[in-house]
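User: I would like to go through this model with you and ask, for each label, what it rests on.

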Amino acid sequence: MFVDEAKILVKAGDGGNGCMAFRREKFVPRGGPSGGDGGNGGDIYIESNPHDNTLLRYRYNREFRAERGRHGEGSKCHGRSGAETILAVPVGTIVFDADTGEQLFDFTEPGQRFLAARGGHGGRGNSHFAKPWHQAPREHEEGRPGEERHLRLELKLLADVGLVGFPNAGKSTLISRISAARPKIAAYPFTTLEPHLGVVSADPGAAPGAGRTFVVADVPGLIEGAHEGAGLGTRFLKHIERTRLIAHLVDTSDANDQDPVREFEIIEHELRAFSPALAEKPVIVVAAKLDATTNRDRLDELRAFAAKRGLEFHAVSSASGEGIPELVRAMADALDRIPKPAAAADASADPARESAAPSPENPPAPLRGSIDVARRT
């Protein structure tokens, strides 16, 4: 099951309370206060994992709580800090604040880590409050609560080329021909119900590791009115927002009686309605199912339309392989000319956020008093 959206609750661990204790030991007449500090609460991190490709694990498990810090003890024993919790997500996941809608972090590379919730600081024991004029303090601090946040995770697949077109235009057959991807292929529309990725080698004769490779994304087909919810809607178009090139497949076979230019304009309108930036991406027009095209009039019409618009045009047959090598090289050449986007997250989403140290805006925890000789709260 492909899951590309999830809402979760993260709660970092609370800090342990400081201890109020006094040292009473034989032959130590002036033991004094000996309350230890509480441990810090555990942090919650979100980390990108290249081995994950879906958010399925967060479909049912939606609450994640880190371990709290242990309380301080007598003899100035410091409480143990809580263990951190790491949540793995696929590369391409974007983290949003579910309450404000603010984008917090964008995972564009494996191994990136984002501090989703910081654990609370442990409280100080009464040994910190000893002064020459106050030698038996009974004050101690409670641990600070850990951060709690509602987050929305959204997965956008990372690919270089996106395949778009009407249902049954030959997108799945093409990606299975040029890569090792094996999506479901059948002779009826809406066969593809979830996106698929495939790695394409543009230079098969090159030495291992020396040839050009790129990633192609196949998304479910679009129909007229998709931006209003028709068909499968435009839900999966977000997965090609990161692509640098769009391959627009148009069925020109004899089995399709629709006007290919009209179909191209419909898909172009749906892309623009979803995202104006998506419609401005470079496009390669691909006339599919060349082996089943005996009447070339509509093929020539689409070719002339692409030339008028200044778009690169290729006619291919995924069944026979005609035109496939030229199309793959054209995709690789186009990607060489298109600069890669800067893969940098916003500075405000830096995992190394400032700690919640006491300040006028962030006052320290209130002091606690006690009449017991030794007590942990």
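User: Where in the chain is the place of glycine 101?

Analyst: This is a predicted model, and in it glycine 101 sits in the loop between strand 6 (93–97) and strand 7 (103–106). Arginine 152 is 51 residues away from glycine 101 in sequence, yet the two are 8.5 Å apart in space, C-alpha to C-alpha.

User: Why is glycine 101 called partly exposed?

Analyst: Its relative accessible area is 43%, and since buried means under 20% and exposed means over 50%, glycine 101 falls in between and therefore counts as partly exposed.

User: What makes asparagine 168 stand out in its phi, and why is asparagine 168 called partly exposed?

Analyst: Asparagine 168 has a positive phi of about 65° although it is not a glycine, and it is found in the loop between strand 11 and helix 2. Its relative accessibility is 34%, which is neither under 20% nor over 50%, so asparagine 168 counts as partly exposed.

User: What is the phi of lysine 289, and why does lysine 289 count as partly exposed?

Analyst: Lysine 289, a residue other than glycine, has a positive phi near 60°, and its place is the loop between strand 15 and helix 5. At 24% relative accessibility, lysine 289 is above the 20% limit for buried and below the 50% limit for exposed, so the label is partly exposed.

User: How do you know that helix 2 is mostly covered?

Analyst: Helix 2 (residues 171–178) has eight residues, and six of them are buried, namely Lys171, Ser172, Leu174, Ile175, Ser176 and Ile178. Among the elements that cover these buried residues are strand 11 (161–165), strand 12 (196–201), strand 13 (213–218), strand 14 (245–251) and helix 6 (324–337).

User: How do you know that the length of helix 5 agrees with its number of residues?

Analyst: Helix 5 (residues 297–309) has 13 residues, which at 1.5 Å a residue should span 18 Å, and its end C-alpha atoms are 19 Å apart, so the two values agree. Helix 5 is followed by glycine 310, whose phi is positive, near 75°.

User: What puts the buried residues of helix 5 on the same side?

Analyst: The buried residues of helix 5 are Arg298, Leu299, Leu302, Phe305 and Ala306. They cover an arc of only 125° around the axis, and therefore lie on the same side of helix 5. On the other side of helix 5, Asp297, Ala307 and Lys308 are exposed, while the cover over the buried residues includes strand 14, helix 3 (260–274), strand 15 (283–288) and strand 16 (312–315).

User: Why are helix 3 and helix 5 called oblique to each other?

Analyst: Their axes come within 8 Å and cross at roughly 45°. That angle is neither under 35 degrees nor within 65 to 115, and it is not over 145, so helix 3 and helix 5 are oblique to each other. The contact is made by Pro260, Val261, Phe264, Glu265 and Glu268 of helix 3 and by Arg298, Glu301, Leu302, Phe305 and Arg309 of helix 5.

User: Which residues have the most contacts inside the largest nonpolar core, and which element gives the largest share of this core?

Analyst: The largest nonpolar core has 26 residues, and those with the most contacts inside it are Val161, Leu163, Phe214, Val216, Leu245, Leu249 and Met331. Two or more residues each come from strand 11, helix 2, strand 13, strand 14, strand 15 and helix 6, and the largest share, seven residues, comes from helix 6.

Note on methods:
Residues numbered from 1 in each chain as written. Predicted model: local features only at pLDDT ≥ 70, side-chain atom pairs only at ≥ 80, totals over all residues. Heavy atoms only, no water. Helix = DSSP H or I, 4+ residues; strand = E, 2+ residues; numbered from the N terminus. Buried < 20%, exposed > 50% of the residue type's maximum accessible area, 1.4 Å probe, protein only. Contact = heavy atoms within 4.5 Å. Expected span 1.5 Å × (residues − 1). Arc of directions from axis to C-beta. Core = buried A, V, L, I, M, F, W, Y, C linked by side-chain atoms within 4.5 Å. Axes fitted to C-alpha atoms, helices over the stretch in contact; angles between N-to-C directions.
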